[in-house]
Amino acid sequence: MAIHPTAQVDASARLADGVDIGPWSIIGPNVVLAEGVRVASHVVIQQDTAVGAGTTIHPFCVMGGDPQHGGYKGEPVALEIGENNTIREHSTFNRGTPGDRKLTTIGSNNLFMTGAHVGHDCIVGSNVTFANNATLGGHARVGDKVFLGGLAAVHQFGRIGQGAIVGGLSAVTRDVIPYGSAWGNHVRLHGLNLIGLKRKGYGKDAIRRLLAAYRDIFEGEGLFSERLTEAAATYADLPEIQEIVAFIREDTRRPVALPERG
């Protein structure tokens, strides 16, 4: 361990081998830092936060802050951050609330650029990128391999399906389907995340079928619920389409981002 003499570490914190804590950083009560975690200068990890191995936290971040919720009265709540995350300057991750999961969860291998914010009770997957100042309201859920553009803001309880891309400056007031490409104020669906699919190894034939299914669901004739049912049957062999259908049906109380219709 390398702890700078100006850093403050609470007696209840647990630090593994290879942890590096820079000048003027504060490690609060019940914080757990796994092997190889690097905390740069002027970082505050407030309390009740676990940080996975190999994660780097850059200057002026606040991890494990109290939830920004008017009903919070100091109850025990927590934040869990996975392994090998890069968390850039001025990012803020809040702990959960007793009215929900009591926990905010971050996966592994993520990149949070400057000023990223994860609100209370959020669930963020792995291999996710938050560009500068991307923000999650409380209770939001973000799947694996999602890209949030700079200054994108996801409304509380919002859902972003895995593999989706959200453009910069987008107000995400509607859920974004898995593998979707969405942007705008307020966000609209503009097709599938073709770049992400290609990077994931999808060939032309597979992408062609996914696009056909997308058109059947979002651009076909008849009621949306009927098109959804027909697509689920027609493309029963495509797990991505089944995932999209399940995502839409999971929470019928929440609106899903749709394309503009001519």
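How many bridges join E27 to E28, and do they run parallel or antiparallel? Let's take that as a warm-up; the model is predicted, and the exercises below work through it piece by piece.

**Exercise 1. Work out how E27 sits between its partners.**

Step 1. Start with the opening question: E27 and E28 run antiparallel and are joined by three bridges.

Step 2. Now pick out residue pairs. Gly180 stands opposite Leu192 in E28, and Trp183 has Arg188 in E28 as its bridge partner.

Step 3. Look at the turn. The hairpin of E27 and E28 has four residues between the strands, and Gly184 there takes a positive phi near 115 degrees.

Step 4. Switch to the E25 side. Strand E25 (residues 165–166) and strand E27 (residues 180–183) run parallel, with two bridges joining them. Here Ile165 has Ser181 in E27 as its bridge partner.

**Exercise 2. Place those strands in their sheet, and find its edges.**

Step 1. Write down the order: E1-E4-E7-E10-E13-E16-E19-E22-E25-E27-E28, which makes an open sheet of 11 strands with mixed pairing.

Step 2. Check the ends. Strand E1 (2–3) and E28 each pair on one side only, which makes them the edge strands.

Step 3. Try a pair further along the order. Strand E4 (residues 20–21) and strand E7 (residues 38–39) run parallel and are joined by two bridges; Asp20 stands opposite Arg38 in E7.

**Exercise 3. Do the job again for the sheet of eight strands.**

Step 1. The order is E3-E6-E9-E12-E15-E18-E21-E24; this sheet is open too, and its pairing is parallel.

Step 2. Why is one side of E3 and of E24 left without a neighbour in the sheet? Strand E3 (14–15) and strand E24 (159–160) are at the edges and have a single partner strand each, so one side of each has no neighbour there.

Step 3. Zoom in on one pairing: strand E6 (residues 32–33) and strand E9 (residues 49–51) pair in the parallel sense over two bridges. Val32 is the residue opposite Ala50 in E9.

**Exercise 4. Describe the largest nonpolar core.**

Step 1. Count members and find the hubs. The core has 66 residues, of which Leu33, Phe130 and Leu136 touch the most other members.

Step 2. Ask which elements feed it. Those giving two or more residues are strand E12 (78–81), strand E28 (188–192), helix H2 (204–218), helix H3 (224–234) and helix H4 (239–250). H2 supplies the largest share, six residues.

Step 3. Take one hub apart. Leaving out residues up to four places away in sequence, Phe130 touches Leu111, Phe112, Met113, Ala116, His117, Val118, Val124, Leu136 and Leu148.

**Exercise 5. Decide whether H3 has a buried face, and say what covers it.**

Step 1. List the buried residues of H3: Arg227, Leu228, Ala231 and Ala232.

Step 2. Look down the axis of H3. The buried residues fall within an arc of 135 degrees, so they line one face of the helix.

Step 3. Turn to the other side of H3, where Glu230, Ala233 and Thr234 are exposed.

Step 4. Find the cover: H2 and H4 are included in what lies over the buried residues of H3.

**Exercise 6. Track down the surroundings of Val256.**

Step 1. Locate Val256: it is in the segment after H4.

Step 2. Buried or exposed? Val256 has 9% relative accessibility, so it counts as buried; the cut-off for buried is under 20%.

Step 3. Compare sequence with space. Val256 and Val176 are 80 residues apart in sequence, yet their C-alpha atoms are 6.2 Å apart.

Step 4. List the contacts, again skipping residues up to four places away in sequence: Val256 touches Arg174, Asp175, Ile177 and Ile248.

**Exercise 7. Zoom out and size up the whole chain.**

Step 1. Tally the elements: four helices and 28 strands.

Step 2. Test the compactness. The radius of gyration is 20 Å, close to the 18 Å from the globule rule for 262 residues, so the chain is as compact as a globular protein of that length.

Step 3. Put a box around it. Along the principal axes, the C-alpha atoms fill roughly 65 × 40 × 30 Å.

Step 4. Check burial and surface. Buried residues make up 48% of the 262, while the chain exposes about 12100 Å², with carbon and sulfur atoms supplying 52% of that.

Step 5. Finish with contact range: among contacts between residues at least 6 apart in sequence, 31% join residues at least 24 apart.

How values were computed:
Residues numbered from 1 in each chain as written. Predicted model: local features only at pLDDT ≥ 70, side-chain atom pairs only at ≥ 80, totals over all residues. Heavy atoms only, no water. Pairing = 2+ DSSP bridges. Core = buried A, V, L, I, M, F, W, Y, C linked by side-chain atoms within 4.5 Å. Buried < 20%, exposed > 50% of the residue type's maximum accessible area, 1.4 Å probe, protein only. Contact = heavy atoms within 4.5 Å. Arc of directions from axis to C-beta. Rg over C-alpha atoms; globule rule 2.2 N^0.38 Å. Areas by Shrake-Rupley, 256 points an atom, 1.4 Å probe, with all protein chains shown as cover.
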